[in-house]
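Open the model in your viewer and keep the selection box at hand. This tour goes stop by stop, saying what to select and what is there.

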Amino acid sequence: DKMDTWNWMVDREESCIQELQEKYNGLLVKYESLLKESTIHRELKMKYKNLVDKLRERIECPVCLDVPEADPISACPNGHLVCSKCVSGNCPTCRSKMADGKSLLAATVVENIEHKCRYLGCDQEFPITEMKAHRNSCRYRILTCPATHCEQKVAYCSLLEHLTVECEDSYAKDANEVIDLPSDGRIQQTFIDDLYQGGKLDTFLWKERYFFFTYKHHKNFGYWTFQVEMLGDEEECSQFGVQIAVHTTADKQAEGKYVTRFKGDPCYVEKGKDDKKLSGLMVPNGVMKSKIVTKSEKDGWMDFCVSIVLTLA
């Protein structure tokens with residue numbers, strides 16, 4: 001009986017080993033097949049990339065060195081291409097006279113290849129139909145510093161570094177940090193009247209998003225502007241709200257007789273500066289000077305207060 005049991009166990013073990021060997025062989029065959037498919041896929045992908053690169057090179061404009069993103073694409077009698085922005089009387093390649101020739105083949109290539117994002121630092125590629133949406137949200141897109149007296153062009157992803165390290169018109173650079181707002185999104189600040197015809201830019205952090213506050217006295221136009229901007233696009237800004245109240249320093253609750261208010265969305269940071277001043281609070285110079293700017297009992301300065309409340313829409 002013991003010998004029978006032992007033989008049965010040996011047979012069972014050999015059967016299991018054989019079964020495992022068969023499974024292993026099957027997996028090995030699948031692995032080798034997938035490896036071969038992967039190699040083929042990699043080779044096809046490389047061939048496709050090389051083809052697209054050659055097509056890009058052939059349709060690249062010789063003047064601006066950009067790949068056209070829209071037709072018409074002009075062609076001289078010798079077949080040289082020029083994008084619609086750079087076309088002129090003579091071909092820039094062979095100097096022959098440009099007529100009304102258009103390349104349908106080049107237009108077809110433009111419509112069907114993936115295009116590289118033109119922002120420095122971005123290496124992503126998209127079909128032309130998706131490129132506009134990408135550029136509107138690309139983290140390397142270029143914007144103007146939101147500080148009143150700074151016109152520096154900065155990549156979207158580098159703006160905070162610019163404000164904390166480089167910008168001379170930013171309080172964040174002076175303090176080497178941004179202001180972390182409390183959970184209720186409230187802050188009240190006192191400003192000295194007309195010190196620089198506009199205060200330096202304040203940078204706030206609230207709900208893991210960055211906001212900027214600035215004001216300016218437009219002396220030649222007779223009014224002051226106060227606005228809160230947000231590091232985000234227009235759609236993202238619509239998810240937040242902002243309240244601005246400009247009042248005397250003695251009126252700490254902003255409930256007195258002379259308070260001017262704004263309630264709306266924060267302005268998206270990429271908006272033009274001329275448009276931004278119409279997107280916040282505008283106060284006539286007469287009201288500021290006669291009703292709001294007062295002499296501080298503490299130090300004798302002529303100053304005023306700004307209270308800001310950030311909210312979720």
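Which residue in S11 is the bridge partner of Phe211? Select Phe211 and look across to S11: the partner is Met230.

Some ground rules come before the next stop. This is a predicted model, in which local features need pLDDT of at least 70, side-chain atom pairs count only at pLDDT 80 or more, and totals for chains, interfaces and linings use all residues. Residues are numbered from 1 along each chain as its sequence is written, and side-chain values use heavy atoms, with hydrogens and water left out.

**Stop 1: the strands around S10**

Select residues 209–218, which make up strand S10. Helices (H or I, at least four residues) and strands (E, at least two) are DSSP runs, numbered from the N terminus. Seven of the 10 residues of S10 are buried, so the strand is largely enclosed by the rest of the structure. Buried means under 20% relative accessible area, exposed means over 50%, and partly exposed is in between (1.4 Å probe, protein chains only).

Now add residues 223–230, strand S11, which pairs with S10 in the antiparallel sense over eight bridges. Two strands pair if DSSP finds at least two bridges between them. Four residues separate S10 and S11 in their hairpin, where Gly222 has a positive phi near 80°.

Next add residues 202–206, strand S9, which is also antiparallel to S10, with five bridges. Select Asp202 and find Phe213, its bridge partner in S10. The hairpin of S9 and S10 has two residues between the strands. Lys207 is in this turn, and its phi is positive, about 55°, although it is not a glycine. Most residues other than glycine have a negative phi, and most peptide bonds are trans. Lys207 is partly exposed, at 46% relative accessibility.

**Stop 2: two more backbone features**

Select Asn176, in the loop between helix H5 (171–175) and strand S7 (179–180). Asn176 is another non-glycine residue with a positive phi, here about 60°, and it is exposed at 59% relative accessible area.

Then go to Pro72, in the loop between H1 and strand S1 (74–75). The peptide bond from Asp71 to Pro72 is cis, with omega near 5°.

**Stop 3: Arg56**

Is Arg56 buried or exposed? Select Arg56 in helix H1 (residues 2–59): with a relative accessible area of 9%, Arg56 is buried. Its side chain reaches the backbone oxygen of Glu114 at 2.5 Å. Beyond its neighbours within four places in sequence, Arg56 is in contact (heavy atoms within 4.5 Å) with residues including Val67, Ile113 and His115.

**Stop 4: salt bridges**

How many salt bridges does a search of the whole structure find? There are 12, each a side-chain nitrogen of Lys or Arg within 4 Å of a carboxyl oxygen of Asp or Glu.

Select Glu270 and Arg141, whose closest N and O atoms are 2.9 Å apart in a salt bridge. The two residues are 129 apart in the chain. Arg141 is buried at 3% relative accessibility, whereas Glu270 is partly exposed at 29%.

Move on to Asp174 and Lys200, which form a salt bridge at 3.0 Å, N to O. Asp174 lies in helix H5 and Lys200 in the loop between strand S8 (186–192) and S9, so the pair ties together parts 26 residues apart in sequence. Finally, select Lys49, Asp53, Arg56 and Glu125, which are joined into one network by salt bridges that share partners.

Note on methods
Polar contact = N/O pair within 3.5 Å; in protein donor to acceptor, adjacent residues only side chain to side chain.
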